[in-house]
4 protein chains.
Amino acid sequence: MKTLPKLKIINDPIYGFITIPSLLVFQLIEHKYFQRLRRVSQMGFSYIVYPGAHHTRLHHALGAMFLMQKAVQVLKSKKVPISQKEEEGLYIAILLHDIGHGPFSHAMEHSIVENVSHEDISLRFMEALNQSFNQQLTVAIQIFKDEYPRKFFHQLVSGQLDMDRLDYLKRDSFYTGVSEGTVNSQRLIAMLNVRNDALVVEEKGIYSVENFIVARRLMYWQVYLHKTGVVAEQLLVRVLKRAKQLTAKGVELPASKALRFFLHNDIGLSDFSDEVLETFAKLDDNDVISAMKSWVDHEDFVLKNLCDMLLHRDLLKVKVKSKPFPVKKLKTKNEQLMSRYKISEEEAAYFVFSGKMENQAYSMEKDTINLLRKNGKIVDVAKASDQFNIEALSKSVVKYYMCYPKKQ
Amino acid sequence: MKTLPKLKIINDPIYGFITIPSLLVFQLIEHKYFQRLRRVSQMGFSYIVYPGAHHTRLHHALGAMFLMQKAVQVLKSKKVPISQKEEEGLYIAILLHDIGHGPFSHAMEHSIVENVSHEDISLRFMEALNQSFNQQLTVAIQIFKDEYPRKFFHQLVSGQLDMDRLDYLKRDSFYTGVSEGTVNSQRLIAMLNVRNDALVVEEKGIYSVENFIVARRLMYWQVYLHKTGVVAEQLLVRVLKRAKQLTAKGVELPASKALRFFLHNDIGLSDFSDEVLETFAKLDDNDVISAMKSWVDHEDFVLKNLCDMLLHRDLLKVKVKSKPFPVKKLKTKNEQLMSRYKISEEEAAYFVFSGKMENQAYSMEKDTINLLRKNGKIVDVAKASDQFNIEALSKSVVKYYMCYPKKQ
Amino acid sequence: MKTLPKLKIINDPIYGFITIPSLLVFQLIEHKYFQRLRRVSQMGFSYIVYPGAHHTRLHHALGAMFLMQKAVQVLKSKKVPISQKEEEGLYIAILLHDIGHGPFSHAMEHSIVENVSHEDISLRFMEALNQSFNQQLTVAIQIFKDEYPRKFFHQLVSGQLDMDRLDYLKRDSFYTGVSEGTVNSQRLIAMLNVRNDALVVEEKGIYSVENFIVARRLMYWQVYLHKTGVVAEQLLVRVLKRAKQLTAKGVELPASKALRFFLHNDIGLSDFSDEVLETFAKLDDNDVISAMKSWVDHEDFVLKNLCDMLLHRDLLKVKVKSKPFPVKKLKTKNEQLMSRYKISEEEAAYFVFSGKMENQAYSMEKDTINLLRKNGKIVDVAKASDQFNIEALSKSVVKYYMCYPKKQ
Amino acid sequence: MKTLPKLKIINDPIYGFITIPSLLVFQLIEHKYFQRLRRVSQMGFSYIVYPGAHHTRLHHALGAMFLMQKAVQVLKSKKVPISQKEEEGLYIAILLHDIGHGPFSHAMEHSIVENVSHEDISLRFMEALNQSFNQQLTVAIQIFKDEYPRKFFHQLVSGQLDMDRLDYLKRDSFYTGVSEGTVNSQRLIAMLNVRNDALVVEEKGIYSVENFIVARRLMYWQVYLHKTGVVAEQLLVRVLKRAKQLTAKGVELPASKALRFFLHNDIGLSDFSDEVLETFAKLDDNDVISAMKSWVDHEDFVLKNLCDMLLHRDLLKVKVKSKPFPVKKLKTKNEQLMSRYKISEEEAAYFVFSGKMENQAYSMEKDTINLLRKNGKIVDVAKASDQFNIEALSKSVVKYYMCYPKKQ
């Protein structure tokens, strides 16, 4: 890979300095598709609970690339051969793995677009960039799609112990101040090795892996699925749903050109032409916030109030339980709201709803984290533990929430 | 002061936890005027250089309030009497001291409004809140305006060693990763005392004060006045200037309602009616970014190109010198641009310009930082030092920059 | 409690500053019994693996006291009444809870003394100090002995979620650099409350508690029971056992006066007169290291070689398994050693031995960590979890090790 | 250089992980000469003021080696050719640069030995190791002695911006908790370059260099020359002086064999035979502390009391001024002591004395820190600054202290 004419370093509060490994990587970082990620928050509305959580997807992508550089260094020192071309492919694959994220991310996958995952869009971006950059991203794309012959490359980008997770857990823990959610990315990486083209962790790393799994579980329930953050996300989904509904009815809502396009059109994966991609590439958090700031004065009761709640952090009340809420309870709340504000059942349902949250700390079904025993045997970490705690964590946990207005 | 029914704590990556000291403070934090600060970046465009610098004015305000709580605790332990009313006044004054900041802050003081400082606007906000909250902010306002009889209260809010600086230096150092810019806020606060109603630092704190002054100087030249950040800020000022110019010519530019108001009207301090304030309260970083995102497609050569540079981080070239750049050099660059793009001199001047940056690490002229000697004497820290280094730093440093397009 | 004439603060890399809460606490810290703890390492021989682990028992005691101050503050803010006398009692109890630790700690409980726990000796120290300080430690002693009527006081000093553990896990994680072993002491403390005079954790703290338990488990297996540290400790036990054996045979070994006393006498709990206590108070890590440094030149094969191994970090080989090692294997190694060095079976056994390590991450049997549900119910955290992971961790884990010389 | 069969990593709380670069380096670390540094505290008696400051010379040596690895990496990336042999030489030179430190370091250079600097002893150790390791340390020794043709190699090991300082300032700041004394070693190293075989710092690093100089000044006055630490050190010098005096008079003081040798013999540089070196290699902090612990019961008034003060942290009173203390004042205090305890003038002088402390933050006279301007010119950083602050700091600062017993 071509090196940069000058050492380019980027300040990072977590790792100190991030060095850009090659000219091509530098050019990709400079590209407007990547620069857009400066305007997409990594943690969506979590800053409503954790005021420090304003870091961006761009920053996380750079961090994950840094860890990939460390991983390559470790594996090479253990005599795993990695060619220059493969190395660059790994850096590009991890750098761009999240480039398809839209504003406020996950919520958008089912509101701005119609069931299109951010991974699919990331792939579309990579293909477009591959054209612009003279097919230099081919290896990266193969790795990303898990079509590269050496399977551990894909595992480093996307797996239960990938550079993505190792960076975002550390980074989100750092920026939220939830210090107990930290993981020792450096130690975990130092324990990596490769056997039969698959990633393994050396046996003595078992407690670090356990800790990593538990830290991830904590981050989910304490941070990512914090009930206040969940309400905010749900409100946002409803804002966009309502906006689409009104648009469909012929109401012309103020919005940026790009956002307007997605309000007017139902875009599925098959609709993602180059033109649609170019429009998507203009969307970021600002479009959504700015739209809400104008919709807060709109005459529609539902749209106006949802926006007001989100912008001024005056959210719905939320309860969380381990069992589903009885339909009757929702119905009562709904009826109270209907009668109080003279709104329809459908309209009231925007403010009274239930849902579920789910997290599986560790999956024993696919792409398990495997330990390499000193005797050379390879075993799933959940089976290798001296206790059944990891196995206990492999069962999915589901919680149910119900939201309704504070004062009725 | 009325306490909260329940302990409210906020996670902060720097201090661990911030406790909300009273019900009134809690209500002010919840107010939409304050919540707006979630959408105003503390460091403007610095994230273009330091990708971690996305923390907000809301977060800084909470941090400064935390330090004020520590300062009150220290002073009380040293038998400086502070009543409950005064205490709450201090917390509110520091919490709201920056509430008047507009989007991208300092640059805006001379573009969105006409020479209205953010302090003036902060005061207008406080007065409005004082009305809503039944005159409970009176002491805070007196402290903020330096009209409260006990002068050290104002010094804690605004001075050369105030809680504002102690938080922003620490916070900006933390989020940028410029670790050497950190200050030991806790130690400096532990050294505070009061003599003749004025703030003093105990003698043994002298090296911490020196270090604080040097750290501030470093943060200015390495971070706040980093040439790339300065260009970005200058481009933004020009974007808004051009937008106002076009608006004045009758061109209707897409913009949020609030931003449009300020494009259409020249608002000086005397124009800041309640209505104007309410409009200002709707402005934040999103309005500006979103406007630029639509203006990037505008037909005006100047507006379009300035926006494009900022959004895609493809900025002007910048040179920095200790002496002003010769007018001739600017003229040559300007003419090249005119001829290349067939634009007027005035238009070219948007892309070719010079300016100066200035910073004074320490001022010996007013509100000096005073040391309390063991013998009871009080002396300016610059005079107390065993060397002339602080005095050397009291001279203002000026640097000159010149910007012009990269490729001509 | 009498306050200090001047604010006394101590620098701590973890908490920033530790404030000394009262005159009596200050005097106890200054006392030579407490100052001795500057010369007793908190983590024994762990520095052999983790070179940063040189912090002392004095430092940990101060840190635990700091956390107790935070806990008192939180509980008071939740309207748990705590009198000034009780408050000071808590600070003293936690400050002195480990004052009875001898050099290199746990190993010493069965070699320097005969089955006397450090807690017993701590109590003896407290009683002696109580006499010197005019019975002002009475409440502290009651709390320490769990004889104080309000049971949660003892739980704060000694329980499954006490200030001791909250400090040592955080501190040992900090100094070793095993960052994933950190616990969020501040958050856990913020979640504390009292019901029926017993400590409870508010429900939403459940994930922090889980993380705390797992972090502790990690610290045990990765740090405290790291096989290299365990070998070192076992060698030390054998050094002292051999020294006692030789002394009993009439060999006069060079040693400090205090250490010589314990080599010559078998001291059980009932032997702990004031005089013995005074002698014990002169023992610290230096006595042991210095003795070994002189014994390394002794003619006794066993003593000399054990000391040499420890001082020059040229330890025995160690293997760890989940099942006991077969006696035969030990026997073979032993015989090889006997024949090679012409030593007796008993002598060889000093270098060839096996043992077991045990840790229980959480006990469901006594003093469980109890959650306070929002509905007021109290439940063991292991039962409250949404998964069986804590319960899985309540089973004791045992591992077996076997040590023998590297080259034979 | 021969690589290790297995990746060896060492946990470091500051840098995360330190990797051992070669087999020879690994063997040197394992050598008993180097392992001895585990028992020599980096900061002497500073822990009396800063209880966290118990890190060792071994740990600092490893840290400095880590930074050297970073520096080599940066210089290589800037096309400065460094051969494998030179690289290993650099690592060994920095690893062993302080191996000659005796217990409690600087104080010992004029008490245990007679005006032999630790650098001289380091060199003696290196020469001895060079013999044992088959002349593989020759390059390292040339670098250490500044006899290697490429001068910047020596500057990296010993200069005003060497890896030694970059590690110890960062490390001592970390362990004391004096956070404002931190330096950004990584940034400074990233700015390094070489011109005409001399080290230079790229121009934009100027503020980091300034900050480094000021941080060092702060660490000297706030930490290394903290008056309480200075008293402790002075007491220790006097303990050993007195012990030598008594020994000379024929009093046989208990001490380790190694310490006894140095009490009985005046060892200058020319006396440092292989045998003396071997004896010196057995000395560490334990010998001194243990000796004091036995001397505290000695009948000599001076020795006993000096030891008592140090061990129980009940030190002399100390005053600090910018001018020398009048001889008369000392005389009066001395006489009071003589009459009170019936001791001779000479004996009293052990408890009543004055001295001076000196620090020069930056020297413009030799081995200046040079900036590399963008135009290729090289200039002393003190001349390059936009203010005279560095120049102001190049004047040596002297302070005077006077010590005497607390109660007389």
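Colleague: Where does UniProt place the feature "transmembrane region" in chain A?

Modeller: A word first: this is a predicted model. The feature comes from an unreviewed UniProt entry. That entry puts the "transmembrane region" of chain A at residues 12-29.

Colleague: How far apart are the end C-alpha atoms over residues 12-29 of chain A?

Modeller: Look at the chain over that stretch. Residues 12-29 of chain A are 39% helix and 28% strand. From end to end, their C-alpha atoms are separated by 15 Å.

Colleague: Which element gives the most to the side of chain A that touches chain B?

Modeller: Start with the contact itself: 35 residues of chain A meet 35 residues of chain B. Several elements of chain A each bring at least two residues, among them strand S1 (9-12), helix H3 (57-77) and helix H14 (285-295). With six residues, the top contributor is H14(A).

Colleague: How many residues on the side of chain A that touches chain B are polar?

Modeller: Split that side by class. There are 11 nonpolar residues and nine charged ones. The polar residues number 15.

Colleague: What relation do chain A and chain B have?

Modeller: Chain A superposes on chain B with an RMSD of 0.0 Å. The rotation is 180 degrees, and the shift along its axis is 0.0 Å. The same surface serves both copies, as 100% of the contact residues of chain A recur in chain B. A rotation of 180 degrees with 0.0 Å of shift means the relation is that of a two-fold axis.

Colleague: Which helix gives the most to the side of chain A that touches chain C?

Modeller: Here 23 residues of chain A are in contact with 23 residues of chain C. Helix H10 (206-224) and helix H19 (389-393) of chain A each supply at least two residues. By class, this side has 10 nonpolar, nine polar and four charged residues. Nine residues come from the biggest giver, H10(A).

Colleague: Which are the edge strands of the open sheet S5-S9-S6 in chain B?

Modeller: The sheet has three strands, paired antiparallel, in the order S5-S9-S6. An edge strand here pairs on one side only. In chain B those are strand S5 (317-321) and strand S6 (353-359).

Colleague: By how many degrees are neighbouring strands of this sheet turned against each other on average?

Modeller: Direction is ignored for this angle. The average turn between neighbours is 25 degrees.

Colleague: Which residue in S9(B) stands opposite B:Glu358?

Modeller: S6(B) pairs with strand S9 (residues 397-404) of chain B in the antiparallel sense, over seven bridges. Facing B:Glu358 in S9(B) is B:Val398.

Key:
Residues are numbered from 1 along each chain as its sequence is written. Chains are lettered from A and ligands numbered from 1 in the order in which they are written. This is a predicted model: local features need pLDDT of at least 70, side-chain atom pairs count only at pLDDT 80 or more; totals for chains, interfaces and linings use all residues. Two residues are in contact if their C-beta atoms, placed from the backbone, lie within 7 Å. Helices (H or I, at least four residues) and strands (E, at least two) are DSSP runs, numbered from the N terminus. Ala, Val, Leu, Ile, Met, Phe, Trp, Tyr, Cys and Pro count as nonpolar, Asp, Glu, Lys and Arg as charged, and the others, Gly among them, as polar. UniProt positions are given in the numbering used here, feature names are shortened, and annotations may be inferred rather than shown by experiment. Copies are superposed by least squares on the C-alpha atoms of residues with pLDDT of at least 70 in both. Two strands pair if DSSP finds at least two bridges between them. Axes are lines fitted to C-alpha atoms, for helices over the stretch in contact, and angles run from 0 to 180 degrees between N-to-C directions.
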